[in-house]
Each structure stands twice: as structure tokens, then as C-alpha cells.
Amino acid sequence: MRRTLAAGNWKMNGDAAMLDALQQLQAPGGDNAPDILICPPSTLLLQAVAASENSPVRIGGQDCHTAASGAHTGDVSAAMIKATGASAVLVGHSERRADHGETNSDVRAKVEAAWGADLLAILCIGESEAERMGDDTLDIIAAQLEASLPDGATGTNTVIAYEPIWAIGTGRVPTLEQIVETHDMIRARLEARFATQGAAIRILYGGSVKPSNAAEIFTAENVDGALVGGASLKVADIQPIIDALAAS
Ligand code: PGA
């Protein structure tokens, strides 16, 4: 059985005062308790790790460079993220792909860098609105998965986050049917490529997850949690999403 995961992506938001939230988040009890991960900006990682001590919250980065060190002004390596005490890193988020021109092969190298530093890689994939309208979603997602996920993925080193670009920060979400169809296809591809490890890799849905829609999304068999942007900035919004996951 896959342990569920509620992951929050603060993006370029948050300050030291917001780290109090890390102590307030509660892990629901019981067999179904989800893992909780918060990804603050890199400048807050060290403080976030300290602030989440003795709490169920784990800390992750939002991106890492492909190289371990070197002349890459402004970047951070996976090893640097690991050294803060963080345990995971997002890679290939659509905002990175759009703002920084990251390609599938860049993202693949970042997954390898994350693994090399012993970080859980949360690989983000998703279609644009034009691709969705053109009925190309499944092909696009399959191609992204193939090209950006290296050989060697396991249930412990990798999480996939399916995030339709048009659903991120817009308040729009795919229908449950569309989510099920895409997640089932991702699961089938993972199992075909990685056998039992493919069955163990968690697949998160991301894009306008809110307390009001989380429970329905979590009814899907191959939705193993959520990657949450805007609603992760307030305890009052992310806690009910964590609770909905525990109840699913
Ligand atoms: P959102 O962002 O929840 O604000 O739509 C999700 C994400 O980009 O990971």
C-alpha cells in the first residue's frame, strides 16, 4: 500500500514568520496518516528544517541544479538542499519549465542529481490548455514521463506530480474522470517500466487543490496525495486537505 503525501509548494512566497505554521500542522492519527512535506523558498530551508523539528512536517526544496557544484550563479545544488536537512526536492515544475526554459532532458538530469544527493525527487508533469483542448493530454503526459524520468525510479526515490498547467493557480480543476484517466495511464506506464517499483511510486494531483475539492479528488485510486500551491500558504487551508487525505 502506498502511503499518501500532502506536499505544499510555497513558490516565491513566505517569510520567517510563516514558519510558525510548520508547528501548527497536525498529522491525523491512524493507519492512513499522510506524509506531510512543505517546500519553502531556498532561503528559508535551514530555518524551516529547524522549525519543523518534533513535528510531522518534512521539508523540501523547489528546484535543484543538475550539477553538484560549480560556476552557476544563483543556483543551488541537490547536495546543498540535502545539507539543510531537507529530504525532498520538486523538479520540473511547469513554472520552472516556462520561466527558465527547462526541457525534459534538463529535468531528467535534475532527478538524477536529486537521487545522487539522497533526496526524494518529486517530478512534475502536466499539459497546457491547448494540449488539453486538442485531446493530446495522454500522449503529452506519457512523453513527458518517459523523457524526464530516468531509469532507476523506485517508490522511495520518486514521486510523480500530475499538474495540468491550466489548473495551476486558476481555480479550475479537471473533472474527476479526467484525473482518473490521466493517473491510471501514468500508473500503467510506471508499472510497465518499473514493475513492482512502478506500483509503489506515489502519484500526486496538483492544480487548484482546495479544502472544497480535495475529498473528491482523493477518491481516485491512483491519486496518492496532492501538490498544493496557494492553499499551502495558510494552515486553515492546508490542514483540511491533509485531513481529507487521511480520511480517503
Ligand atoms: P496551486 O499550485 O495549488 O496554487 O494551483 C499548484 C502547484 O503549482 O504546485
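Helices (H or I, at least four residues) and strands (E, at least two) are DSSP runs, numbered from the N terminus. Residues are numbered from 1 along each chain as its sequence is written. This is a predicted model in which local features need pLDDT of at least 70, side-chain atom pairs count only at pLDDT 80 or more, totals for chains, interfaces and linings use all residues, and side-chain values use heavy atoms, with hydrogens and water left out.

**Exercise 1. Describe the chain as a whole: its elements, its compactness and its surface.**

Step 1. Begin with the elements: the chain has 10 helices and eight strands.

Step 2. Compare the radius of gyration (taken over C-alpha atoms) with the globule rule (2.2 Å times the number of residues to the power 0.38). The chain has a radius of gyration of 17 Å, close to the 18 Å that the rule gives for 248 residues, so the chain is as compact as a globular protein of that length. Along the principal axes, the C-alpha atoms fill a box of roughly 45 × 45 × 35 Å.

Step 3. Turn to burial, where buried means under 20% relative accessible area, exposed over 50%, and partly exposed in between (1.4 Å probe, protein chains only). Of the 248 residues in the chain, 52% are buried.

Step 4. Take the contacts next, a contact being heavy atoms within 4.5 Å. Among contacts in the chain with a separation of 6 or more, 72% are between residues 24 or more positions apart.

Step 5. Finish with the charges, counting Lys and Arg as positive and Asp and Glu as negative, without His and the chain ends. The place of a charge is taken as NZ of Lys, CZ of Arg, CG of Asp or CD of Glu. There are 17 positive and 31 negative side chains, and the centres of the two sets lie 3 Å apart.

**Exercise 2. Is lysine 110 buried or exposed, and which residues does lysine 110 contact, leaving aside its neighbours within four places in sequence?**

Step 1. Locate the residue: lysine 110 belongs to helix α5, residues 104-116.

Step 2. Its relative accessible area is 7%, so lysine 110 is buried.

Step 3. With neighbours within four places in sequence left aside, the contacts of lysine 110 are Asp63, Cys64, His65, Thr66, Val91, Arg96 and Glu102.

**Exercise 3. Place serine 55 and find what its side chain reaches.**

Step 1. Serine 55 sits in the loop between α2 (45-51) and β3 (57-61).

Step 2. A relative accessible area of 8% makes serine 55 buried.

Step 3. The side chain of serine 55 reaches the backbone oxygen of serine 52 at 2.9 Å.

Step 4. Beyond its neighbours within four places in sequence, serine 55 is in contact with Leu22 and Gln23.

**Exercise 4. Work out the surroundings of two loop residues, proline 41 and alanine 86.**

Step 1. Proline 41 is in the loop between β2 (35-39) and α2. With 14% relative accessibility, proline 41 counts as buried.

Step 2. Methionine 12 is 29 residues from proline 41 in sequence, yet their C-alpha atoms are 6.0 Å apart. Leaving aside neighbours within four places in sequence, proline 41 contacts Trp10, Lys11, Asn13 and Gln62.

Step 3. Alanine 86 is in the loop between α3 (78-83) and β4 (88-91). Its relative accessibility is 2%, so alanine 86 counts as buried.

Step 4. From alanine 86 to glycine 61 there are 25 residues in sequence and 7.1 Å in space, C-alpha to C-alpha. Leaving aside neighbours within four places in sequence, the contacts of alanine 86 include Leu45, Val49 and Ile59.

**Exercise 5. What is the phi of lysine 11, and what is the phi of aspartate 135?**

Step 1. Start from the general rule: most residues other than glycine have a negative phi.

Step 2. Lysine 11, in the loop between β1 (5-9) and α1 (21-24), has a positive phi of about 55 degrees although it is not a glycine.

Step 3. Aspartate 135, in the loop between α6 (129-133) and α7 (137-148), is also not a glycine and has a positive phi near 65 degrees. Aspartate 135 counts as exposed, at 71% relative accessibility.

Definitions and conventions: Polar contact = N/O pair within 3.5 Å; in protein donor to acceptor, adjacent residues only side chain to side chain.
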